[in-house]
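Please open the structure in the viewer and keep the selection tool at hand. The tour below proceeds stop by stop, stating what to select and what is found there.

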Amino acid sequence: MKKLLFLVIEGCSLEYISLENTPNIYRIAKDGFCKCVKAAVPTIYNVNHVTLLSGKFPCEHKVIGNSVYNPETGAAELLGNSGPKEIETIMDFMRGKGASTALLTVRNEVLETLGRSVDFGISAEAPKDILLRFLDMPEPPPVESLQAATWILEVCYRLVKKNSIDVIYCATNDALMRKYAPDSKESIRQMRKVDEWLGKIYDLDHDREVYITGGYGMGGKPRLINLQTVLERNGFHVYCHAPFQDKVSEQKAKKNDGPKPLNQIGMRCLYLADDSDKKREELVNFLEAAPYVDMVSPKEEAAKRFNLPIEMIGDYLVFASEGYAFADFDGEELEAEGFRGNGSLLERAIPLIAVNAAEVPEKYRYSRDIVKIIMESR
C-alpha cells in the first residue's frame, strides 16, 4: 500500500510560490508535477477542508460555512462542530483498509470535526501533552502567529521520521497570507521557512504519494462594503447572509475605538422578501452595475456552476470584485488599507504540487479531485 501525505498551506495562492523563495517546492514539483486547480466555493476554511478530506463538492457534503439562514425565524444560526458525520473522509476510507492515519492541524476545529477515525491527532490550538512528549515537541506558539505554521510542519516531520504513519493530513494556518502580501519581506522570509520544512518532510520518503496544495487563496481587500445597508437604502428588501460568521459576541467585537467590522468575506447569499420578477430584475441590474460586485448569480445557476446545495444559498449569490470584501459594520463603505481576505471567486486559484500521484496532471481540475481519484482507484 502506497503511503499518502497531504500538506495544506492555508491561504497559499499562486503568488506566494517562486523559484527564489520556495526552491524545495520547485524541486518537489520537478519530481512530479505542478499545476493550478480550483478550490471549493465559497473559498473559506471549513468548506475547503471538508472538500479536500472527502473528495466531494459542497453539494454533496452540505458544508458551505459555519452559519445558515433560517427563513422561518428570520435569523442566522451558527453551526456546531459536529461535522458531516455521514460523509466518508480519506482517513475513514484508508483506515478501513488497514492503514494508520494522522491529522495534524493548527486550528482544533478541523481535528474535532473530521478527525474522528485517526490514530494520531494533534492541533496547535489544543495539543495533548502525551503526544508532544512522544514527538519531543515544545509547547506550540499562538494559533494566529506565523510560527504556528512551521510548528505543525515540524510535528509532521517528526511524525514521519519516528513513526512513518501511512496517511497524514497536515494543515497550517493562514496567518501569513492574511497579514502580508506575497512580495513583502515578512512573506518572503516566512515562505522560505515553510519551504525548508516541506523539503525536509519530502526527503524522508521519496516513495510516498505527496500532494501539496493551498486550500484556498487570499487577496488584498482595501475596501469593505456593507451590502445589507446599501441594498436597504436603495429600496431592496433583502437579507444578506454571510455563510461564514465571526464567532464573537458584540461586546468582544468592541474595542476602545468602537465596533469592528464582522463577517469579512467576499460572498453573500441574498434572500428576497419581494421576489416579483420586476424587483428581481431591478436588484440584478443594480448589483451588476456596482463596482464592488464581481458576479451575481441566481441560485439555480450558482448551484450548478459551483456545485453548491441549492437549498442553502438563498435566492442569489453575490461575489465581491477585486479589492473589495463584504462586511457588517455601521455605514455603507469603509477603507480597510492592509486588510487581506478570502471568500470570493478571486481566491479559487490554488497550486497543486504532486509526486507519485494517482493520476496524470490533466485529471486534476479541482482540489476535491485529489482525494476523489484516490478513493476511486483503491
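Select Asn356 together with Asp207: the backbone oxygen of Asp207 lies 3.3 Å from a polar atom of the Asn356 side chain. This is a polar contact, meaning a pair of N or O atoms within 3.5 Å; within protein, one must be able to donate a hydrogen and the other to accept it, and residues adjacent in sequence count only if both atoms are side-chain atoms. Add Arg208, whose backbone oxygen is reached by the side chain of Asn356 at 2.9 Å.

The model is a predicted one, in which local features need pLDDT of at least 70 and side-chain atom pairs count only at pLDDT 80 or more, whereas totals for chains, interfaces and linings use all residues. Residues are numbered from 1 along each chain as its sequence is written, and side-chain values use heavy atoms, with hydrogens and water left out.

Remain at Asn356, which is placed in the loop between β21 and α14. Helices (H or I, at least four residues) and strands (E, at least two) are DSSP runs, numbered from the N terminus. Is Asn356 buried or exposed? With a relative accessible area of 31%, Asn356 is partly exposed; buried means under 20% relative accessible area, exposed over 50%, and partly exposed in between (1.4 Å probe, protein chains only). Leaving aside neighbours within four places in sequence, Asn356 is in contact (heavy atoms within 4.5 Å) with Lys2, His206, Asp207, Arg208 and Glu209.

Next, select Asp369, in helix α14 (residues 369–377). Asp369 counts as buried, at 6% relative accessibility. The side chains of Asp369 and Arg368 are joined by a polar contact of 3.0 Å. Leaving aside neighbours within four places in sequence, Asp369 is in contact with Lys363 and Tyr364.

Now show α2 beside α14. Two packed helices are described by the angle between their axes and the distance between the axes. The axes of α2 and α14 come within 6 Å and cross at roughly 25 degrees. That makes α2 roughly parallel to α14. Axes are lines fitted to C-alpha atoms, for helices over the stretch in contact, and angles run from 0 to 180 degrees between N-to-C directions; angles under 35 degrees count as roughly parallel, over 145 as roughly antiparallel, 65 to 115 as roughly perpendicular and the rest as oblique. At this meeting, Leu52, Leu53 and Ser54 in α2 face Ile370, Val371 and Met375 in α14 as contacts.

How many residues of α2 are buried? The helix is mostly covered, with 10 of its 10 residues buried; among them are Tyr45, His49 and Leu53. After α2 comes Gly55, with a positive phi near 75 degrees. Before α2, select Pro42, in the loop between β2 (33–38) and α2. The peptide bond from Val41 to Pro42 is cis, with omega near -5 degrees.

Return to Tyr45 and add Arg107: the charged end of Arg107 sits over the Tyr45 ring, 3.5 Å from its centre. A charge sits over a ring if NZ of Lys or CZ of Arg is within 6 Å of the ring centre and within 35 degrees of the ring normal.

The next stop concerns the aromatic rings. The structure holds 12 aromatic pairs. The ring centres of Phe6 and Tyr211 are 5.8 Å apart and their planes are at 15 degrees, so this pair is stacked. Rings of Phe, Tyr and Trp (its six-membered ring) pair if their centres lie within 6.5 Å; planes under 30 degrees apart count as stacked, over 60 as edge-to-face and the rest as tilted. Both Phe6 and Tyr211 are buried. For Phe57 and Tyr366, the ring centres are 5.2 Å apart and the planes are at 85 degrees, so the pair is edge-to-face.

Finally, select helix α7 (residues 147–162) and helix α9 (residues 185–203), whose axes come within 9 Å and cross at roughly 5 degrees. The two helices α7 and α9 are therefore roughly parallel to each other. Beyond α7, select Ser164, in the loop between α7 and β7 (167–171). The phi of Ser164 is near 50 degrees, a positive value in a residue other than glycine.
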